[in-house]
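Q: Please take a close look at one part of this model. I would like a single connected account of it.

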Amino acid sequence: ATDELLKKEFDVCREQQIPHRLFKDYQLDHVVPFKHEQMDAWRDSLHAGLTHRFEDTNILLSGGVDDIWFNTKTEELIVADYKSQASNEKVEPKSYLSGVYHQGYKMQLDFYNYLLNCMGYKTSPISYLLVVNADRTVEGFHGKMIFSETLIPYENNTSWIPEKIREMIKLLNQDEVPDGHN
């Protein structure tokens, strides 16, 4: 539900081409949600998503991005992914990005940037996780939940992706079943 509500909120800003209310707190007044006729398709991970054919193969890579923002100064696209949680821990970049269960989030951001680059778009070296954290310390539910909102910057690294895809293709094409993990 939080993803859907955030998308609605960002879509209002996208239509008006104005910065989202959170951007001011993070010195991102020059950023607006990216307005593109394919945005809904790019966000649809089940039927479309960002799509790229890998090298000289019939392998289609795709992924449904939560959001893409536009840096009006550099004219770069910024990948954003929404994450919801209910933790008593304060959300801050270093500990959040080093969390063992959050390593996949970084790969996800890398992959979306890779796809956008392959599609011909210039992306920012920094992506963002928008983490909404439910406050579990309040007196009761009372028909609503209170969330904090934190933007976590992440420095993209797409250099590992092509070789990893080649390894996956090699594994798929081998005649022997690989050993399982213990």
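Which residue of β6 does Ser84 stand opposite? Start there, then work outward through the strand pairing and the helices.

A: Ser84 stands opposite Val132 in β6. The model is a predicted one. That pair belongs to the ladder between β5 and β6, residues 126–134, where the two strands run parallel and share 6 bridges.

Strand β5 spans residues 76–85, and 8 of its 10 residues are buried, so the rest of the structure largely encloses it.

Now the other partner. Strand β4, residues 67–71, is antiparallel to β5 and joined to it by 5 bridges. Two facing pairs can be named here. Ile68 stands opposite Val79 of β5. Asp67 stands opposite Ala80, also in β5. The two strands make a hairpin, with 4 residues between them. Glu75 lies in the turn and has a positive phi of about 60°.

Next, the whole sheet. It is open and has 5 strands, ordered β1-β4-β5-β6-β7, with mixed pairing. β1 (31–33) and β7 (147–155) are the edge strands, each pairing on one side only. On average, neighbouring strands are turned by 30° against each other, direction ignored.

Helices pack on this sheet. Helix α1, residues 2–16, touches β1, β4, β5, β6 and β7. The direction of α1 makes about 150° with that of β5. Helix α4 also packs on the sheet, touching β4, β5, β6 and β7. For α4, too, the angle with the direction of β5 is about 150°.

Helix α4 has a helical neighbour as well. The axes of α4 (residues 103–118) and α5 (residues 161–173) come within 11 Å and cross at roughly 95°. The crossing therefore makes α4 roughly perpendicular to α5. On the α4 side, the contact involves Asp110, Phe111 and Tyr114. On the α5 side, Ile161, Pro162 and Ile165 meet them. By class, this contact has 5 nonpolar residues, 1 charged residue and no polar ones.

Last, the cysteines. A search of the whole structure finds 0 disulfides. Cys13 has 9% relative accessibility, so Cys13 counts as buried. Cys118 is partly exposed, with a relative accessible area of 31%.

To return to the starting point: Ser84 faces Val132 across the parallel pairing of β5 with β6. On the β4 side, β5 is paired in the antiparallel sense.

Technical notes. Residues are numbered from 1 along each chain as its sequence is written. This is a predicted model: local features need pLDDT of at least 70, side-chain atom pairs count only at pLDDT 80 or more; totals for chains, interfaces and linings use all residues. Side-chain values use heavy atoms; hydrogens and water are left out. Axes are lines fitted to C-alpha atoms, for helices over the stretch in contact, and angles run from 0 to 180 degrees between N-to-C directions. Angles under 35 degrees count as roughly parallel, over 145 as roughly antiparallel, 65 to 115 as roughly perpendicular and the rest as oblique. Contact means heavy atoms within 4.5 Å. Ala, Val, Leu, Ile, Met, Phe, Trp, Tyr, Cys and Pro count as nonpolar, Asp, Glu, Lys and Arg as charged, and the others, Gly among them, as polar. Buried means under 20% relative accessible area, exposed over 50%, partly exposed in between (1.4 Å probe, protein chains only). Two strands pair if DSSP finds at least two bridges between them. A disulfide is a pair of cysteine sulfur atoms within 2.5 Å.
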